[in-house]
Amino acid sequence: MVGDNIKRRLKKKGLEEDHGELSYEDTSVRELLTLMKDNSELIADLAYAAIVFENRELAEEVRNLESEMDKMMYQIRLKSMLGARTRESAEQLSGLLQVASAAEQISDAAEDMVKLLYADVDLTPMLPHILSEAEERVYTLKIEQGSDMVGKTLEKLNLESVTGVRVIAIRNKRRWIHGPDGRTTLNANDILIVRTHEKAYEKIWPVAHAEARWKEVIR
Amino acid sequence: MERGDKMKELEEELLEMKNTSELMLDLAYSSLLYHNRDIAEEVFNLEQKVNNLQDSVITKILEDHEEMDPDKNLIFIKMADSIERFADAALDIADVVLRDIDLHPVMKKSLKESDEFMVRKKIKKGSYLDGKTLEESKMATEIGMKVIAIRRGNQWAYGPAKSVKLKHGDLIFARGPLNSESALDKWVG
């Protein structure tokens, strides 16, 4: 699972043919660290979203991602040890492992946070209320039939760059996609979990609900 | 103090912890990318702030625990604990910069390949951003860029409020989607 994910990312970033410049170990460690960094940011957002929407499916995604992070941590540790040939390189790699391990700690803390959803306590209205006071918050955004966003990939829409709306997860007919990449196509009835400012959300909402055209709203 | 006020204060402190821990993580990765000690030291200061807030949250709960719902107390304490661990992790990242060890060459490459990228840009005189507040600039809502720090001369503003006015000569550190870099380039120059 992790291996596939990394291969997919390597492919996406066109790094497969990079062997000439860097050794195999270097590329792997580098890719692992990038993934761990991205995941550390994503998992905190997912955990807050799970709490705000009291959604156990999102909580499950947090737990899955956490276990992926454990595996990546193991791999990066192993590869770093194999890669250290001098004292200097060992020192540098210890710094790198410190960063990876911090990213892994974030996923542990996020997992503990969503465990609140499994305890027999009622979170509402307290936590959703508190978290909804933040300047940037998480919202759900449903894509309705007839919206200009239907059938487009996130890359094509360039959503975050033109609206400031960051998609952290998508629930489609079959499953959850966390941290969707540019190639993910939006379909009618998808539910997006987004992180953004209130103003940006108000702007995109009518477009998603097929009440306004993309071109009228986006500059 | 009225109970309602106390509750409100608790909520505000928890939210402040969340906001601070997120800023810390952005700053920490940024300090690593630019090997910047100033930013790394700010992460260290902010970690103290998060610790103090956590202490304050727990103290308030202990003072009033008899009148409050134990379940709610538990939620507050657990949330505060998770957030504090986010902050600790950010500090661990910044610590790599503070320890003065040469950064592994792979590290910078990794950070640059990230989905969310960090930029450092100088605002030129007469540019679109020159003289605008962060809110007026619409950086967050139109191109998805979040300013995490501003350096003006020797002064730093970390996690600047939206009312902060940008001036030419300011060095801004921002994070956002890779596709927005060209838009930002036009806005600063």
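I will talk first about a sheet in chain A and the helices that lie on it, and then about the contact between chains A and B. Please keep in mind throughout that what we are looking at is a predicted model.

Let me start with the sheet, which is open, has 4 strands, and in chain A follows the order S1-S4-S2-S3 with antiparallel pairing. At its edges are strand S1, residues 136–142, and strand S3, residues 176–178, each of which pairs on one side only. From one strand to the next, the twist averages 25°.

If we look at one pair in detail, S1(A) is joined to strand S4, residues 191–197 of chain A, by 7 bridges in the antiparallel sense. Within that pairing, Glu136(A) has His197(A) of S4(A) as its bridge partner. Packed on the sheet here is helix H8, residues 198–208 of chain A, which touches S1 and S4 of chain A and whose direction makes about 150° with that of S4(A). Helix H3 of chain A, residues 56–83, lies across strand S2 (166–171) and S3 of chain A, and runs at about 50° to S3(A).

Now to the two chains, where the contact takes 41 residues from chain A and 44 residues from chain B. On the side of chain A that touches chain B, the elements giving two or more residues are helix H2 (24–52), helix H4 (87–114), helix H5 (126–131), helix H7 (159–163) and H8, the last of which we have just met on the sheet. Which of these gives the most? That is H4(A), with 13 residues. As for their character, the residues on this side of chain A divide into 18 nonpolar, 9 polar and 14 charged.

Notes: Residues are numbered from 1 along each chain as its sequence is written. Chains are lettered from A and ligands numbered from 1 in the order in which they are written. This is a predicted model: local features need pLDDT of at least 70, side-chain atom pairs count only at pLDDT 80 or more; totals for chains, interfaces and linings use all residues. Two strands pair if DSSP finds at least two bridges between them. Axes are lines fitted to C-alpha atoms, for helices over the stretch in contact, and angles run from 0 to 180 degrees between N-to-C directions. Two residues are in contact if their C-beta atoms, placed from the backbone, lie within 7 Å. Ala, Val, Leu, Ile, Met, Phe, Trp, Tyr, Cys and Pro count as nonpolar, Asp, Glu, Lys and Arg as charged, and the others, Gly among them, as polar.
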